Amino acid sequence: MSAIEVRHIYKVFGQNEAQAMKMLLAGAPKSEVLERTGCNVGVHDVSLSIESGEIFCIMGLSGSGKSTLVRHFNRLIEPSSGEILVGGKDVLKLDDAALNKMRRNDMSMVFQNFGLLPHKTVIDNVCYGLTVRGEKGDGVVQNARRWIDRVGLKGYEAKYPDELSGGMRQRVGLARALAVDASILLMDEAFSALDPLIRGDMQGLLLELQISLKKTIVFITHDIDEALRIGQRIAILRDGRLVQAGTPGEILDHPVEDYVRRFVEKRVDLAAKPH
Amino acid sequence: MSAIEVRHIYKVFGQNEAQAMKMLLAGAPKSEVLERTGCNVGVHDVSLSIESGEIFCIMGLSGSGKSTLVRHFNRLIEPSSGEILVGGKDVLKLDDAALNKMRRNDMSMVFQNFGLLPHKTVIDNVCYGLTVRGEKGDGVVQNARRWIDRVGLKGYEAKYPDELSGGMRQRVGLARALAVDASILLMDEAFSALDPLIRGDMQGLLLELQISLKKTIVFITHDIDEALRIGQRIAILRDGRLVQAGTPGEILDHPVEDYVRRFVEKRVDLAAKPH
Amino acid sequence: MNGIFLDLSVADEVNSAVMGFVQAHGEFFLAIAHFLLTWMLVPLERALLATPAWVALPAIALLAWHATRRIGVVVVLTVGLYLIGSFGLWDKLMQTVALMIVATLLTLAIGLPLGIWMSGSERLRNVLQPVLDVMQTLPTFVYLVPVLMLFGLGKVPALLATVVYALPPLVRLTDLGIRQVDASVVEAAQSFGTTRMQRLFSVQLPLARPSIMAGMNQAVMMALAMVVIASMIGARGLGEDVLAGINNMDMGRGLQGGLAIVILAVVIDRITQAYGVGKRQRELGAKKS
Amino acid sequence: MNGIFLDLSVADEVNSAVMGFVQAHGEFFLAIAHFLLTWMLVPLERALLATPAWVALPAIALLAWHATRRIGVVVVLTVGLYLIGSFGLWDKLMQTVALMIVATLLTLAIGLPLGIWMSGSERLRNVLQPVLDVMQTLPTFVYLVPVLMLFGLGKVPALLATVVYALPPLVRLTDLGIRQVDASVVEAAQSFGTTRMQRLFSVQLPLARPSIMAGMNQAVMMALAMVVIASMIGARGLGEDVLAGINNMDMGRGLQGGLAIVILAVVIDRITQAYGVGKRQRELGAKKS
Amino acid sequence: APQCGSDKPLRFAGITWESGQFYTSLIRTILESGYGCKTEVVNGSTAATETALVSGDLQLWVEQWNRTDIIKKGVEGGKIKLVGDLLADGGATEGFFVPDYVVNGDAKRGIEASAPDLRTVADMPKYKELFADDEELGKGRFLNCPTGWDCEKINNQKFKAYKLDSSYTNFRAGTGSALDAAVSSAVERGKPVLFYYWSPASLMGKYKFVQIKEPDYNQKCWETIKDPRAKEVCPSATPNSRLTVGMSTALIQSDPEVVSLIEKVQVKPETINASIARMAGEKKVPADVVTKEFLKANPAVWSAWVTPAAAAKLTEALK
Ligand SMILES: Nc1ncnc2c1ncn2[C@@H]1O[C@H](COP(=O)(O)OP(=O)(O)OP(=O)(O)O)[C@@H](O)[C@H]1O
Ligand SMILES: Nc1ncnc2c1ncn2[C@@H]1O[C@H](COP(=O)(O)OP(=O)(O)OP(=O)(O)O)[C@@H](O)[C@H]1O
Ligand SMILES: [Mg+2]
Ligand SMILES: [Mg+2]
């Protein structure tokens, strides 16, 4: 069974949602919708399914709708239209309690902009997902400490987010998401602010989690090498639409269009550059 | 003449600055200072000089003091001790007016966390550096529009930052810094949220600016490929200290210590990974 | 007067309506007043009056120390209170304090939830906004005379007037503070399955704290600005001296009473604000001084 | 009374000090009062009184439309004002409006800079905080009587009392708003060589706007809460009716006067708040309705 | 030169109670219509207008009870004089009152007399349960004058003199309007209430009250009662007060005609109480209407106060 399945998701931001949707259904491109209605198209008719236990990478140009799409999975954003199934259940039909239950136990998310709680220390931030769930006591703190160590922030437990560097903040977000031990991890450019050493280490961590604990990981990245290294499947978005989804091999060998090829070429290009 | 020269810069964050400085001078490492005084060491005895017209890359682990160091150049941070010379002038001795003059005309910065003005539209953000300088009229707007187009945000001029994706915000910050046409550009992980295509394009833009306009560019990045591609010299920081600075060749061929070697190895590793 | 206006006047109708209402429902309201008096106001006042000053003063000083951790502040506050005692106003101070404590607690108990509720509903805000305007600007005495006829002279109408006047800034600033909380932080909290209550208590309220504390401060100020009005309708306390001063132009006496009120305001404000400051701010503050 | 206290009383000293001061400097203060009167209060009041209601009412409606762009609001405000006219209070309304306009402008002119200044200096804040406490809680009449002896009965002391009372919330909330501005945004602005003034006008004030507007709202509310007090010291206007109503147990008349004040408060508040809303909010609001 | 007749208006203090408003309106009407004076009223709280009178800001303060320090100092300092005797029959009275139904019952409203034997202050302790004070259990509530008024201080002394401290709380209403509201609300509901009051006053015209007898007036005891610092107090009723007009000395010197009018103005208590009862009744009638009617109905009364020339003009104006 798919861990996550979405069908024909549309998301339009702005006041004239109805009009924009009409234009989209009539086949207008994102830029025209923006110009005519002032509405931003976030996601445009995306359907995909993510299998349980896989690392699914999402790539695409900046602004192509990756973050917006992922936010639908835990319903931080309501789609303009479409269906979302998580573990076979229709997320859009969940009431508040059921939605919260799912968010607590089945999914956790690392945000592109970190989303740390500025009034809590690093350790309280990392504990957050657990305390929200009602867990208490030493176990929680120890668990949090373990993850803080694991992401290399030992010694910073009592600091506040504004005392940390960008990459350190990102790692707090990472530790927070990992600490809840959910079966699905949504990671929105979760390594973008990390240096190559820590980044490699974290990639290893993800692979390990996936292999030993069978976690489903949705991973947004701009680094094709990273996607190739850890992704079992890769989806490529463009202007809110899904252009291609497949294994790294498929993508590399049979890019469906020029856009995809250029994504892949870039890598070859860099690797081939002499120094 | 060096565009920027810093000598023995120290920066300690926290209440017990004096005590922490004493420990540092006595040779204590960053982690011990943190544990004993609660003070974060940002920069630890860094001296370097950046030549006019070069692209100078700064790398290092997350939290190693890159952003802190760069903020000294335009004196957004006052060092705990040390000297900073920009174009031969001692920045720490400038009064408010002179400092502002330097910031307006000689330097502009792209922030890791973007630092956009949330109450201004994209175009007003991009115009900001110019209007601050007192420039007015159509020229300013046209200039801004040109840069917005250049970073690929045409059509989003009237949007507010919170309506943009992460990478789009970063590009607004980029356009804002480029629009003022300063001779020194400080770029703090300026491409970290960009996809490879746009990123490559932006790297090309920087190289072009450097070659045709002889701009001095200080570029913080985590991507060793990027540093190798655009950097004339590379500095590597660790725990606030400068570990090595030199041309890409020097760094690759004669890493001074294991830490540096691992940074470089990583790249080889990735490039070598079969798919 | 001016050509375009109709000639309306509801004065007579209002007058007879009020009188009619008083005759019909007086008993009921008196019972409420009686309840508030015997269970809250009078016992508290008794207890405060029974506490000797040499116990109360050090107790307040300790409280101030616990709240602020600054010896300078503690000294100033204690000297201020001692001064009130030396003006011979200690007993009246206690009477006023009793009223203020009950009024402030009531204001908090009503104002915070209302502000929170308002922050979540655009519609409620549109409805409440003018009501709050009315509460702040309708001259106290206009509604106080009917209230007084219902509840009788004394502490109860004074309490009501104080709460009515002190409520709006707290509600408004609570609402403002919560609405200003960064949406991306709330979003991140949501993603962990935060319930409405958890969101409120672990994200919104802490982050709205500066605004809410400003609202608290204004509520306390408003409440103390009502002390004189309270005395105008028979509540005992510091207001009496001010009134006496006003009524015979005894500026000195009025000033003493007035100063006592101000000192009380500063004491309450400093202590509540200190408790309201976040853990982190407090650590920073403590290290600084 | 209580054993531990000294027996202090400054009443007599204060009284004679005030008298002495009045005798010595009376002329000077009268001159100030004269200036305020002849150059600000009286001309404005004259002009307002000379404007016929059939000009003023549509003018205010237009202003409300320009500010809010919501037909519903305009209708409610206009009907409210028409109601005041129909109560026969139009002329008094104009007298009060004149006082309120001058008082609000003065409050803004003093309060905003003071709040800005305070936000930049921890020390100034520590000094001003208690002063603001005093301004809000020292009962008006305590200082009003000396003021009245200096400036004479009427508009000028009323103006002063109003400004003193309305100032603190504006100062406090301006300060709060500016301090809450995100430091990283200010830093980014700094990196472009923003001067102090530019930082203030293009970053801090716009981002502090919600707080400042809440301060404005409170200042207007406070000012209008002082209308009755103003009438107690001889200022003409709506307060007179309230006072008459209070003094003669004519609750209806008091209520009409009170309602007129409330309506005025709502009108001023809605219009100033609408102008205070950011460009963006306005666009969103306009599209919504 | 007399100010009356010039362009400068005579400035009257706006009085906050009905009888004062009646007198003010009466004198103003006569001065305007009969003498061609311009007049204007400046409203304000009593303390404010009294201060203004003493400082010369206002010139006339009608129905002055001569109770506050402001006035006393003004008179001592020669800034003002108290002129006239506005109320016939020896002046204003004051004392302790209960509503009539408390003593005599009210058959129409079905109220039984709850204190049929309440005659003198000595009877008061017996009825303390009747007037129970919620805020001070076990005591009765006596509504004193508003805080800071002269009568409040006098009552404080009387409390001692009549030894009421143990059975009653000396409850100060704070303001005249609060006292009025408390009394009328009790009366409207037929509840017992015990209070201090005075005449002329609107409530006196509106409701029926019974005065509680105090020991007779006694000069020496009255002195002890008047002095708030006196420790030894002996009982005495309050003597009647002369109601006067506070006039600024400057006006007295410049306008003898006005002075001689004011010296003569005098109205009977019944007339006053009837007039102000209308002013304060269900339908509030404005003071100027009431005074016009009074002037129309009683030409014999007022023609004795004014010069013949003024009388003629006034008669003309009243038509
Ligand atoms: N405002 C601050 N207060 C306290 N400590 C700070 C502050 N800013 C930075 N630091 C500390 O200084 C050190 C260096 O931070 P800096 O932001 O310069 O790192 P960086 O090299 O830019 O890292 P990254 O790659 O993660 O952005 C870190 O340990 C951080 O915790
Ligand atoms: N809250 C919002 N209001 C309006 N438009 C929005 C909002 N959030 C996203 N968008 C728009 O939706 C589109 C997709 O944004 P999204 O954040 O999903 O991009 P992304 O693929 O994550 O890009 P990046 O790699 O830059 O993070 C963009 O055009 C953006 O402007
Ligand atoms: Mg994104
Ligand atoms: Mg950094």
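**Entry 1: ligand 1**

I started at B:Ser64, where a polar backbone atom sits 3.2 Å from an oxygen atom of ligand 1. This is a predicted model, so I read every distance here as computed from predicted coordinates. Next I looked at B:Lys66: one of its backbone N or O atoms lies 2.7 Å from an oxygen atom of ligand 1. From the other chain, A:Gly166 has a polar backbone atom 3.5 Å from an oxygen atom of ligand 1. I then checked how much of the ligand is covered: of the 630 Å² of accessible area that ligand 1 has on its own, the protein covers 89%.

Which residues are closest to ligand 1? I found 23 residues around it, with A:Ser165, A:Gly167, B:Lys66, B:Ser67 and B:Thr68 the closest. Since the residues surrounding ligand 1 come from chains A and B, I noted the site as shared between chains. I also sorted the shell by element: helix 7 (166-179) of chain A, plus strand 2 (40-51) and helix 3 (66-73) of chain B, each give at least two residues. By class, I got 5 nonpolar, 13 polar and 5 charged residues around ligand 1.

**Entry 2: ligand 2**

I moved on to ligand 2, beginning with A:Lys66, which has a backbone N or O atom 2.7 Å from an oxygen atom of the ligand. At A:Thr68 I looked at the side chain, and an N or O atom there is 2.5 Å from an oxygen atom of ligand 2. Chain B comes in through B:Glu163, with a polar backbone atom 2.7 Å from an oxygen atom of ligand 2. The protein covers 89% of the 630 Å² of accessible area that ligand 2 has on its own. Strand 2 (40-51) and helix 3 of chain A, along with helix 7 (166-179) of chain B, are the elements that give two or more residues to its shell.

I listed 23 residues around ligand 2, and A:Ser67, A:Thr68, A:Gln112, B:Ser165 and B:Gly167 come nearest. This site is shared between chains too, because residues from chains A and B surround ligand 2.

**Entry 3: the magnesium ion**

Which protein atoms are donors to the magnesium ion (ligand 3)? I found A:Ser67 (OG) and A:Gln112 (OE1), lying 1.9 to 2.1 Å from the ion. The two are 45 residues apart: A:Ser67 is in helix 3 (residues 66-73), and A:Gln112 is in the loop between strand 6 (107-110) and helix 5 (122-132) of chain A. Are these donors buried or exposed? I have both A:Ser67 and A:Gln112 down as buried.

**Entry 4: confidence**

Last, I looked up the scores: the predictor gives the complex an ipTM of 0.88 and a pTM of 0.89.

Conventions. Residues are numbered from 1 along each chain as its sequence is written. Chains are lettered from A and ligands numbered from 1 in the order in which they are written. This is a predicted model: local features need pLDDT of at least 70, side-chain atom pairs count only at pLDDT 80 or more; totals for chains, interfaces and linings use all residues. Side-chain values use heavy atoms; hydrogens and water are left out. Donors are N, O and S atoms within 2.8 Å of the metal (3.2 Å for Na, K and Ca); water is not among the atoms, so sites may look incomplete. Helices (H or I, at least four residues) and strands (E, at least two) are DSSP runs, numbered from the N terminus. Buried means under 20% relative accessible area, exposed over 50%, partly exposed in between (1.4 Å probe, protein chains only). A residue is near a molecule or strand if one of its heavy atoms lies within 4 Å of it. A polar contact is a pair of N or O atoms within 3.5 Å; within protein, one must be able to donate a hydrogen and the other to accept it, and residues adjacent in sequence count only if both atoms are side-chain atoms. Accessible areas come from the Shrake-Rupley method with a 1.4 Å probe; for residues, only the protein chains shown count as cover. Ala, Val, Leu, Ile, Met, Phe, Trp, Tyr, Cys and Pro count as nonpolar, Asp, Glu, Lys and Arg as charged, and the others, Gly among them, as polar.
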